[in-house]
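Biologist: I should like to go through this model with you, one question at a time. Please give the reasoning before each result.

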Amino acid sequence: MKPRILSGIQPTGSLHIGNYLGALSNWVKLQYESEPIFCIVDLHAITLYQEPAELREKIRQTAAVFLAAGIDPAHSSVVVQSTVKEHAELCWLLTCVTPLGWLERMTQFKDKAAKQESIGDGLLQYPVLMAADILLYQANLVPVGEDQTQHLELTRDLAQRFNAIYGETFTMPETRLPAVGARIMGLDDPTKKMSKSTEGSGHAVAILDPPAVIRKKIMRATTDSLPHVDFENMGPGVQNLLTIHQAFTGWSGDQIRRHFQGMRYGDLKKTVADAVVAGLEPVQKKYAEITAEPGYLDRVLAESAARVRPLAAQTVRLVKERMGVYTA
Ligand code: TYM
């Protein structure tokens with residue numbers, strides 16, 4: 001049996017090269033090993049306020065970026081989370097077996113809560129909804145970036161807890177990180193993870209940024225006070241640029257070392273910018289094609305949702321049976 005793959009991205013802000021290298025490009029590589037489901041997790045997005053018209057637009061843009069990156073809709077399902085009601089339904093059922101302490105310990109919750117004046121309950125429940133996304137389809141494999149590993153641990157703990165209380169119900173999912181690019185750092189501050197929500201034009205390279213913008217952002221990336229690349233004494237900014245280059249080109253560690261040792265930072269940045277522009281060019285071209293074809297995206301989303309609904313309904317029915325509530 002091939003493993004079932006599930007993953008998701010929030011349709012907030014513009015998808016960036018961290019999302020691309022940490023998640024999307026890995027999904028593309030893995031997709032033919034299974035029948036994957038890739039979600040645009042709009043119910044997660046609204047755990048923090050989103051302007052409704054903008055959110056609707058971002059959902060479509062995110063779905064189109066999935067396809068542009070190489071997700072093959074004939075094989076993989078591209079699902080808007082809110083169109084399959086069982087995500088929310090399973091979330092409630094799981095909420096009832098989730099100890100509050102597990103949620104209060106989540107670092108992403110603590111980080112996000114610290115930035116808000118008042119927080120909605122949804123923000124606390126965020127990881128339960130994520131567990132529901134995964135367990136709903138009995139996924140075996142969840143390809144994500146490194147920042148999601150704590151959420152994945154909670155998902156496994158929750159599955160284990162449910163199975164222990166109500167009997168074997170859920171498949172235990174494994175986390176799959178990419179070999180290179182699991183944690184891309186901000187260009188302006190290489191001690192912080194590249195993030196959709198961080199302000200500032202020099203922070204992230206968006207997947208849809210025009211080549212001139214990509215070059216400008218990378219040329220301005222923060223490095224350190226040394227003049228050139230030294231593998232024996234390398235700061236996080238240079239390390240991050242080399243990781244980005246390696247992830248886009250697929251070069252080995254040895255190749256990277258031979259090519260870049262001693263290179264001046266200006267040349268390093270130019271080389272990295274070339275690799276990023278070249279890597280994103282086919283994605284951007286395909287994005288333009290997809291968005292120019294009327295009705296195509298809606299068709300893909302409707303077909304995908306129809307394809308996965310029976311599986312989602314089957315799991316929710318089983319969980320309800322196990323818990324003793326009505327299934328009709
Ligand atoms: P999100 O939308 O923050 O990020 C989507 C994916 O991109 C990865 N990622 C990164 N990888 C490398 N470097 C970075 N700087 C970087 N930033 C983001 C993330 O690890 C993720 O794989 N909670 C999830 C969405 C979600 C989900 C799920 C994921 C909801 N349900 C079920 C997997 C399975 C999130 O906020 O991702």
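Biologist: At what distance does the side chain of Thr98 reach the backbone oxygen of Leu94?

Modeller: Please note that this is a predicted model. Thr98 is found in the loop between helix 4 (86–95) and helix 5 (100–104). From this loop, the side chain of Thr98 reaches the backbone oxygen of Leu94, and the distance is 2.7 Å.

Biologist: Is Thr98 buried or exposed?

Modeller: Leaving aside neighbours within four places in sequence, Thr98 is in contact with Leu103, Val128 and Leu158. The C-alpha atoms of Thr98 and Leu154 are 9.5 Å apart in space, although 56 residues separate the two in sequence. The relative accessible area of Thr98 is 13%, and the limit for the buried class is under 20%. Thr98 is therefore buried.

Biologist: Why does His151 count as buried?

Modeller: His151 is found in helix 8 (residues 149–166). Not counting residues up to four places away in sequence, His151 touches Met106, Gln108, Tyr126, Pro127 and Met130. Residues under 20% relative accessible area are classed as buried. His151 counts as buried because its relative accessibility is 3%.

Biologist: Turning to the ligand, what share of its accessible area does the protein cover?

Modeller: Polar backbone atoms approach oxygen atoms of the ligand in two residues: Gln10 at 2.9 Å and Gly145 at 2.8 Å. A polar side-chain atom of Asp147 lies 2.4 Å from an oxygen atom of the ligand. Of the 700 Å² of accessible area that the ligand has on its own, the protein covers 97%.

Biologist: How many charged residues does the shell around the ligand have?

Modeller: There are 28 residues around the ligand, and Tyr126, Asp133, Asp147, Ile184 and Lys196 come nearest. Strand 1 (6–9), helix 1 (17–30) and helix 7 (121–136) each supply at least two residues of this shell. By class, the shell has twelve nonpolar and eleven polar residues, and the charged residues number five.

Biologist: Which helices do the buried residues of helix 9 pack against?

Modeller: In helix 9 (residues 211–219), the buried residues are Ile214, Lys217 and Ile218. They lie on the same side of helix 9, because they cover an arc of only 95 degrees around the axis. The packing partners of these buried residues are helix 10 (236–249) and helix 12 (265–292).

Key
Residues numbered from 1 in each chain as written. Predicted model: local features only at pLDDT ≥ 70, side-chain atom pairs only at ≥ 80, totals over all residues. Heavy atoms only, no water. Buried < 20%, exposed > 50% of the residue type's maximum accessible area, 1.4 Å probe, protein only. Helix = DSSP H or I, 4+ residues; strand = E, 2+ residues; numbered from the N terminus. Arc of directions from axis to C-beta. Contact = heavy atoms within 4.5 Å. Polar contact = N/O pair within 3.5 Å; in protein donor to acceptor, adjacent residues only side chain to side chain. Near = heavy atom within 4 Å. Areas by Shrake-Rupley, 256 points an atom, 1.4 Å probe, with all protein chains shown as cover. Nonpolar A, V, L, I, M, F, W, Y, C, P; charged D, E, K, R; others polar.
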